[in-house]
Amino acid sequence: MPYMGGDDAVRELRRALSNPNVQSDPLRYRNTILKVIRSMSQGVDVSGLFSEMVKACATVDIVQKKLVYVFLCSYAALNPELSLLVINTLRKDCQDPNPMVRSLALRNMTNLRLPSLVEYVEQPLTAGLRDRAACVRRVAVLGWAKLYNLQPTSEIDASVVNELYSLLRDPDPVVIVNCLRALEEILKEEGGVAINKPITHHLLNRLKECDVWGQCDILRVLQRYKPQSDDELFDILSLLDASLVSPHPPVMAATLSLFLHLCPDLPAVSQAALERVRGPLLAACGSASREMRFTALCHIQLLLRSLPGLMGAHYKRFFCGYAEPAYIKQRKMQVLVELVNDENVVMLLDELKGYCTDVNADTAQAAISAIGRIGRSYSDRCLEILTGLLGLKQDHITSAVVQTMRDLVWVCPQCSDTVCVALEGCEETLQDSQGRQALLWLLGVYGERVSSAPYTLEVFIDGVRSEASLGVKMELLTTAMRLFLCRPAETQDMLGRLLHYCIEEETDMCVRDQALLYYRLLHCGIEETRKVLHGPRSDPSLGVLIGRPAEPISQWASSFNTLEPLRQVAVETESVSRGSPEHVTTDLSVTLSGCRVHDVCSDGVGRCADSSADVPPPLSLSPSPALSPEEFERLWLQRRALHAERGAEKTGEEDFVRLEERVRCPAVPHCSPQSLQAAMQLLNIQTLAFTPPHALPWRVYLYTHTQHTHSDDTPRRTLILGELLCTGGDGDGEGEEGGGGATGDGVRKPEEEEVKVTLQQQPRDDEALRGFLSILTSVLHTLTSESE
């Protein structure tokens, strides 16, 4: 609590300031003024000494002047009339031979912040712009910005603006930077300082003379200039080249931001600039300042969105230190997930496994979540680690592992068998609501594979009255309904008790309404209930299984060197706050639900005719039983080798068939991989791997199981493996004679790009294969129309 003096202390100070003996002794007089400043800083109201302090400013002692000016600027607003007495002394000091006194007087004249004194300040400020001393010009330039800020509605003096523009060529670099800042404030309603070619090149040539923050201000202002030609653009980039690898991170970041702004149409130049700043960014990650390390990590995440392999060789620089704060550890783990590849996956997983037992629960859960995201590409190794963590019987660890497994099986259904085995006994350790929601979702979706699912569910139902989490109650209702559909004998009684409680006794309207919905749905029949609860599901936020696709630099260039990367919690969509990953927000389901097999004609096996006789019977698709990437590769290579060995004309005699078609859908290789994967899963087509969009050749591998009813009413199930390939031109050279849509010089037009579809089926079923090809073509054309 600040010391609060009484009126006696103020009267004692007034007597000392008015004492002629004290005034005649410079040292005693300065010490008395120092006591006044000390009392002011302690919270004592010394505004009553204003007139005495005004008299004290008339001195040649510069130290005393500084002390008095601090007092006057603090209490000028409380004594506007007496402040007029200071102006004469300040105007006199503006003509002092000592430049330090002149600059001090100008600074405090504008710091009085009194509109009534503006007319007395303008003339000294105008004279200060032409002063011989650079320190006076620095203060005068900023003084005009303060004066305009004091009266923003007043008209701007054009002569002052012209004077400030002329000072951009001042020999002192600080004056140049202050002019930019002043013009930005004065001309902010007009868009700030106007930058033309002479000003741009002058500022770039003087850039190295400025301090760190002065260079940042200049580089930020230069983003408004657009070079008139490519030669001028590369001249500017050459001048900026040295600043791109500056040892000062703020200068490096501002330079890179200017690079990206100047080169939106030159991706090769932007990519080269990103590679140049790799060293400075890594150095910033090792800075002693925690704030600098965190900022560097956030901006590295931005760079990795376009260049995933930029930091691949330096992944050890992102290992967490023991004494680092939790927020830096979590950011480093997010970066490590982006750097995983076949060579370093074992070492990175071992490192992340060590973080899973960190004393900080948030850090441990972040590490488990990171392992789960790596599991989308390396599921076997990650599941082994996650299953081992369940044996620790720690509440926060078990909760994070169950949530991670829930998200992992949603993306990689082939992991469901291992997850179902690991779920046994987890409910005994789970305490938090998010973990219990995840467990309930897993029991609802895979309850037929978990032997103890009904008994675990009964424990939750028996304790529903004491359950405090709304999310757990709603998830419990959905899980009980799903489990009833697959195991009715074991679940019927507990489902009845749960519905009775939720409808009759539950006070929360959300839970009660959901229970009423399910109760009325059961009245419609089991089959109708099954259609609603076991309908097609997809998640539009699904990531690419081989890693997040590279984004264009233009998508995030505007946010580089701003606060936006620091506000982003994570690169990918986190699932911590959602109860289940089944939210469908894409419109593809509506578009594709009305798609019939005979809507699209194929140029391959069995060309569709207009007659209804050629329409194949209904076809159903299913991604289960799941096919691992290893099994897919083995079957694909085996069938392709057999096809090449025996020849296409003899494969009709075998129990499998290989089909190659070309589909004209140029926008599909450039569409979002998340949209493509969501569309495929919506129709029960499982995608195994993608290449990033805009990359050539572009590939997608997929598979599904088809069930086709023949004319004798006997259903037949087959496996279809597929590859989508786009090379950007004539593919692999197998087009028709004459170029197949190429122009006269042999270059294919972008709008005529085709996707080569290769399908392999076993056992053979030509009608099912034709039907699947029609469905796949419909999906590709739908995505093309939406992208356009």
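Which strand holds the place of Gln-686? Select residues 686-690: that is strand β3, and Gln-686 is in it. Keep in mind that this is a predicted model.

**Stop 1: Gln-686**

Is Gln-686 buried or exposed? With a relative accessible area of 4%, Gln-686 is buried, because the cut-off for buried is under 20%. Now show its contacts beyond four places in sequence. They are Val-411, Pro-413, Pro-623, Gln-681, Tyr-701, Leu-702 and Tyr-703.

**Stop 2: the whole protein**

Zoom out and colour by secondary structure. The protein has 35 helices and six strands. Of its 788 residues, 50% count as buried. Look also at how the chain meets itself. Take contacts between residues at least 6 apart in sequence: 70% of them join residues at least 24 apart.

**Stop 3: the nonpolar cores**

In soluble globular proteins, nonpolar side chains tend to be buried together. Select Phe-71 and Phe-318. In the largest nonpolar core, which has 193 residues, these two touch the most other members. Stay with Phe-318 and show what surrounds it. Setting aside neighbours within four places in sequence, Phe-318 is in contact with Leu-282, Cys-285, Leu-297, Ile-300, Met-311, Lys-332, Val-335, Leu-336 and Leu-339. There is also a second, separate core of 31 residues, and Ala-679, Val-700, Leu-776 and Val-779 are among its members.

**Stop 4: helix α1**

Select residues 7-18. This is helix α1, with 12 residues. How far apart are its end C-alpha atoms? They are 17 Å apart, which agrees with the 16 Å expected at 1.5 Å a residue.

Next, pick out Val-10, Leu-13 and Leu-17 in α1, which are buried. Why are they on the same side of α1? They cover an arc of only 60° around the axis, so they share that side. A general rule helps here. An α-helix has 3.6 residues a turn, so residues three or four places apart point the same way.

Turn to the other side of α1. Asp-7, Asp-8 and Arg-15 are exposed there. Then add what covers the buried residues of α1: the cover includes α2 (20-24), α3 (26-41) and α4 (50-56).

**Stop 5: two packed helices**

Two packed helices are described by the angle between their axes and the distance between the axes. Select residues 212-221 for α13 and residues 249-262 for α15. At what angle do α13 and α15 pack? The angle is about 10°, with the axes 9 Å apart. That makes α13 roughly parallel to α15, because angles under 35 degrees count as roughly parallel.

Show the side chains between them. From α13 come Val-212, Trp-213, Gln-215, Cys-216 and Leu-219. They meet Pro-250, Val-251, Ala-254, Thr-255 and Leu-258 in α15.

**Stop 6: Leu-485**

Go to helix α27, residues 470-486, and find Leu-485. At 7% relative accessibility, Leu-485 counts as buried. Which residues does Leu-485 touch, not counting those up to four places away in sequence? They are Ile-526, Thr-529, Arg-530, Leu-533 and His-534. Try the distance tool on Leu-485 and His-534. They are 49 residues apart in sequence, yet 9.3 Å apart in space, C-alpha to C-alpha.

**Stop 7: Val-757**

Select Val-757 in strand β6. Val-757 is buried, with a relative accessible area of 2%. Not counting residues up to four places away in sequence, Val-757 touches Leu-659, Glu-660, Glu-661, Val-663, Glu-723, Leu-724, Leu-773, Leu-776 and Leu-780. Its C-alpha atom is 9.2 Å from that of Thr-777, and the two residues are 20 apart along the chain.

**Stop 8: backbone details in the loops**

Follow the chain to Pro-763, in the loop between β6 (755-762) and α35 (766-787). The peptide bond from Gln-762 to Pro-763 is cis, with omega near -10°.

Then jump to Arg-113, in the loop between α7 (99-111) and α8 (118-129). Phi of Arg-113 is near 55°, a positive value in a residue other than glycine. Arg-113 counts as partly exposed at 37% relative accessibility.

Finish at Asn-561, in the loop between α30 (526-533) and α31 (564-567). Its phi is also positive, near 65°, and again the residue is not glycine. Asn-561 is partly exposed, with a relative accessible area of 36%.

Methods:
Residues are numbered from 1 along each chain as its sequence is written. This is a predicted model: local features need pLDDT of at least 70, side-chain atom pairs count only at pLDDT 80 or more; totals for chains, interfaces and linings use all residues. Side-chain values use heavy atoms; hydrogens and water are left out. A nonpolar core is a set of buried Ala, Val, Leu, Ile, Met, Phe, Trp, Tyr and Cys residues joined through side-chain atoms within 4.5 Å. Buried means under 20% relative accessible area, exposed over 50%, partly exposed in between (1.4 Å probe, protein chains only). Contact means heavy atoms within 4.5 Å. Helices (H or I, at least four residues) and strands (E, at least two) are DSSP runs, numbered from the N terminus. The expected span of a helix is 1.5 Å times one less than its number of residues. The arc is that of the directions from the helix axis to the C-beta atoms. Axes are lines fitted to C-alpha atoms, for helices over the stretch in contact, and angles run from 0 to 180 degrees between N-to-C directions. Angles under 35 degrees count as roughly parallel, over 145 as roughly antiparallel, 65 to 115 as roughly perpendicular and the rest as oblique.
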